[in-house]
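Open the structure in your viewer and keep the selection tool ready. This tour goes stop by stop.

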Amino acid sequence: MISRTLALYFARDFVKIFAAFFLVSVLVLGLVSFIEYFNRAFRGDAVPGLKLALAAVLRVPSEAEEALPFTVLYGSIAAFVVANRRLEVVVARAAGISAWQFLLPACVAGLLLGVLATTVYNPAAAFMKGRSAVLFAELFTKADRPVESGGPIWVRQSARGIDSIIGAAQSLDEGLSLSGVTAYVFDPDGGFGERIDAARAHFLPGEWRLEDATITAPTGTPRHVEVHSLPTDLSPNEVKRAFLEVDSVSFWRLQDLATTARRSGVPADRYQLEFNLLLSRPILLLAIVLIAANVSLRFSRSRHLGRMIITGVAVGFMLYVVMKIARDLGIGGVVPPPVAAWLPAIVATLVGISVLLHVEDG
């Protein structure tokens with residue numbers, strides 16, 4: 001068996017290289033986010049300053065979490081390449097250490113990184129993203145509304161004989177507060193009645209309280225009101241289900257939200273899917289380490305270094321695409337959420353182990 005000292009040495013090098021890649025990704029994402037926010041500030045009515053910089057910085061951990069699988073992939077490939085260039089793999093094989101023993105520290109490190117990313121990093125990133133959303137909503141009002149990458153969310157509602165459609169660019173307070181709000185109100189005959197643009201909206205029982213609103217009707221000039229009430233028949237749970245951004249919810253709270261949604265008769269697929277995706281993250285990172293090993297362990301016996309690196313990146317990208325498709329199927333209810341979350345990670349792990357068995361053990 002591989003000695004404890006050698007195992008710790010390999011694990012330490014793996015973690016150091018991964019940390020370097022992760023730090024680079026955080027810096028790049030932070031710079032891009034900072035530039036994007038400043039561009040919006042100069043186009044709108046927000047004033048560039050410390051609060052704007054803080055809003056950009058607080059958003060970076062959540063974006064870095066999305067890029068975590070690619071960071072682990074590139075870091076793993078780099079770690080194995082460095083080990084080959086130092087002839088550490090050759091020396092380990094000459095000492096009678098098999099590929100499985102050599103890979104064990106990296107695999108354990110990948111599993112532990114997945115556990116920490118799910119149980120510690122995700123709650124912190126979700127909290128910071130929530131704070132960023134609050135700062136963002138305070139900075140950007142009517143002149144330049146915050147727009148998420150997925151676009152605004154629209155919900156139809158009816159109450160007190162008034163039909164309307166309300167949409168928001170961003171949600172706060174688990175969906176009970178909105179920013180960048182637009183509502184279309186219809187008359188009793190189903191025709192267009194008026195459009196309401198508001199900087200913010202807060203949900204109250206039976207109504208939305210729209211603040212800093214501009215009401216535009218087909219006839220007449222637009223009028224501005226500080227507060228406008230829009231009737232709604234939505235319950236708090238229905239509002240949360242429609243507007244809550246799941247990626248801003250901590251891993252530890254997803255199960256509670258799913259239980260509350262089921263008790264209220266509201267589908268809980270989104271919460272279950274996100275919970276299982278986070279729960280399966282250690283297995284996913286293990287699969288990525290195995291993919292990197294399949295690409296990297298033979299570098300010392302091959303001259304096609306560039307081709308193999310491109311192959312590893314392509315395989316990682318294919319895994320990412322498969323996971324996105326599975327996630328969409330889970331959100332749409334086509335596949336049960338646990339299956340959509342766990343199947344790609346488990347299959348990728350089994351494929352990585354099978355290829356290594358074939359290559360290393362014949």
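Two strands count as paired if DSSP finds at least two bridges between them. Keep that in mind for the opening stops. One caution before you start: this is a predicted model.

**Stop 1: strands β2 and β3.** Select residues 162-172, which are strand β2. Add residues 177-186, strand β3. β2 and β3 run antiparallel, joined by nine bridges. Now pick Leu-172 and look across to its bridge partner in β3, Ser-177. The two strands form a hairpin with four residues between them. Click on Asp-173 in that turn: its phi is positive, at about 50°.

**Stop 2: strand β4.** Keep β3 and add residues 192-204, strand β4. Here too the strands run antiparallel, and nine bridges join them. Select Leu-178 and find Ala-201 of β4 standing opposite. Five residues lie between the strands of this hairpin. Among the residues to click is Gly-190, with a positive phi near 90°.

How many of the 10 residues of β3 are buried? Nine are, so the strand is largely enclosed by the rest of the structure.

**Stop 3: aromatic pairs.** Show the aromatic side chains. A search of the whole structure finds 12 aromatic pairs. Zoom in on Phe-70 and Tyr-74. Their ring centres are 6.2 Å apart and their planes meet at 40°, so this pair is tilted. Both residues sit in helix α3, residues 68-85. They are four residues apart there, which means about one helical turn separates them. Phe-70 is buried, at 19% relative accessible area. Tyr-74 is partly exposed, at 33%.

Next, select Phe-251 and Phe-275. This pair is stacked, with 5.1 Å from centre to centre and 5° between the planes. Where do the two rings come from? Phe-251 lies in helix α7 (residues 251-263), and Phe-275 in helix α8 (residues 269-279). The pair therefore ties together parts that are 24 residues apart in sequence. Phe-251 is buried, at 7% relative accessibility. Phe-275 is buried as well, at 14%.

**Stop 4: helix α8.** Stay with Phe-275 and select the whole of α8, residues 269-279. Eight of its 11 residues are buried, so the helix is largely enclosed by the rest of the structure. Colour the buried ones, including Tyr-271, Leu-273, Asn-276 and Leu-278.

**Stop 5: an aromatic cluster.** Finish with Tyr-9, Phe-10, Phe-80 and Phe-102. Show their rings together: these residues form one aromatic cluster.

Note on methods:
Residues are numbered from 1 along each chain as its sequence is written. This is a predicted model: local features need pLDDT of at least 70, side-chain atom pairs count only at pLDDT 80 or more; totals for chains, interfaces and linings use all residues. Side-chain values use heavy atoms; hydrogens and water are left out. Rings of Phe, Tyr and Trp (its six-membered ring) pair if their centres lie within 6.5 Å; planes under 30 degrees apart count as stacked, over 60 as edge-to-face and the rest as tilted. Buried means under 20% relative accessible area, exposed over 50%, partly exposed in between (1.4 Å probe, protein chains only).
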